[in-house]
Amino acid sequence: MELRHLTSFVAVAEELHFGRAAKRLQMAQPPLSQQIRQLEKELGVPLFERSTRSVRLTSAGEAFLAPVRTVLEDLDIATRVVRAAGRGEYGRVRVGFAGASSHTALPRLTRAVRAAHPGIELVMRGQTYANRALSRVADGSLDLGFVRLPVAQPGVETRVIGEEEMVCALPADHRLARQERIAVADLADEPFVTFPANTGSSLRDIGLQACEAAGHRPRIVQEAPDSYTILALVAMGVGVTLTLTSCMHIQQTGLVYRPLAGPPVVLQAALAWRRDNPSAALRSVLDVAADCLPTPGAEGPSAAAELRRPPD
């Protein structure tokens, strides 16, 4: 039994006329009649009652019609899905993200993908910090990750989508809160709140490096799994932390942000994906991301620039 036999059967069943069915199928009538006879022979039952004046379905033909229509409809759906997937209009893309720094970029991306390609499902993997996201992109368990540069992972492509500066967050009644800028060296004896070492947070690593470059290693008194909790603990007076301008939307009573003294510590946020990932859906998401999350250039002043600007 071939697909053409089923298509021919439905055409004859709906037209109840071999001539009209042949015209509909854009074929000659004799080959159509031959296909129906082959189908009947394979099934072992007649599907049509034929006379010189009319064609009617037999009871077996009537029973056969509904499941054949279902088969052809399912095949049509499968064909359209495969073609859409080949064009990158259908499929799943696994995205790793974490923290407050993605609170603006991620909603923009998800809304834009939903509008442009409703057949693409973004499978979100939260609490996947930059270093861990990069390793999971590299091993293929993620298609796309929010990471920070530099990236030295072979086979991984990146595109910058944002630039952030490191700032200091401290309790509002802290002795350093009155200063316009905070020198990292002045934090030498301060208790620190930061991410655990096993989260894969690049911010923790860069903060430690900044302190070591200033001549001290931070005295970590408490760890927390996300920026919201870390900054809540800072507001409570537990300690200070080095965070990013992308987290400055988190405003709590008793919490203040201050830019760092000296040359700014700039971190670049980026999207990362495997160069050899064959997913057409991923390519479509990357195209959408290029529009809704452009590489920085003309987006206006950064949050850190606004923070450093003297009051009017």
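Good morning. I shall begin with the interior: this structure holds one cavity of 30 Å³ or more. Please bear in mind throughout that we are looking at a predicted model.

The space in the largest cavity comes to about 140 Å³. Its lining is formed by 17 residues, and those closest to the centre are V193, T194, R204, T241 and L242. Which elements supply at least two residues each to this lining? They are the strands β7 (191–194) and β9 (241–244), together with the helices α7 (202–213) and α8 (227–235). Helix α7 provides the largest share of the lining, with five residues. In chemical terms, the lining of the largest cavity comprises eleven nonpolar residues, five polar residues and one charged residue.

I turn now to the N-terminal helices. Two packed helices are described by the angle between their axes and by the distance between those axes. For helix α1 (residues 3–15) and helix α3 (residues 29–43), the packing angle is about 110° and the axes are 9 Å apart. Angles of 65 to 115 degrees count as roughly perpendicular, and α1 and α3 are therefore roughly perpendicular to each other. On the α1 side, the contact involves R4, H5, S8, F9 and V12, which meet L32, Q35, I36, Q38 and L39 of α3. The residues of this contact of α1 with α3 divide into five nonpolar, four polar and one charged.

Helix α3 also packs against α2. The axes of α2 and α3 cross at roughly 105° and come within 9 Å, which makes α2 roughly perpendicular to α3. From α2, the contact draws on F18, G19, A21, A22 and L25, and from α3 on Q29, L32, S33 and I36. Six of the residues in the contact of α2 with α3 are nonpolar, three are polar and none is charged. Residues L32 and I36 of α3 thus appear in the contact with α1 and again in the contact with α2.

The loop between α2 and α3 contains Q26. What is the phi of Q26? Phi is near 55°, a positive value in a residue other than glycine.

Let us next consider the aromatic residues. A search of the whole structure finds four aromatic pairs. One of them involves F18 and F48: the ring centres are 6.2 Å apart and the planes lie at 65°, so the pair is edge-to-face. This pair links distant parts of the chain, since F18 belongs to helix α2 (residues 18–25) and F48 to strand β1 (residues 48–50), 30 residues apart. F18 is also one of the α2 residues in the contact with α3.

My last point concerns the backbone. Is the peptide bond from L149 to P150 cis or trans? That bond is cis, with omega near 5°. P150 is placed in the loop between β5 (144–148) and β6 (156–171).

Thank you for your attention.

Technical notes: Residues numbered from 1 in each chain as written. Predicted model: local features only at pLDDT ≥ 70, side-chain atom pairs only at ≥ 80, totals over all residues. Heavy atoms only, no water. Axes fitted to C-alpha atoms, helices over the stretch in contact; angles between N-to-C directions. Helix = DSSP H or I, 4+ residues; strand = E, 2+ residues; numbered from the N terminus. Parallel < 35°, antiparallel > 145°, perpendicular 65-115°, else oblique. Contact = heavy atoms within 4.5 Å. Nonpolar A, V, L, I, M, F, W, Y, C, P; charged D, E, K, R; others polar. 1 Å grid on protein atoms, 1.4 Å probe; cavity = no way out; pocket = protein on both sides within 12 Å on 5 of 7 lines; lining within 4 Å. Points joined across faces, edges and corners; volume = space filled by probe spheres on them. Phe/Tyr/Trp six-rings, centres within 6.5 Å; stacked < 30°, edge-to-face > 60°.
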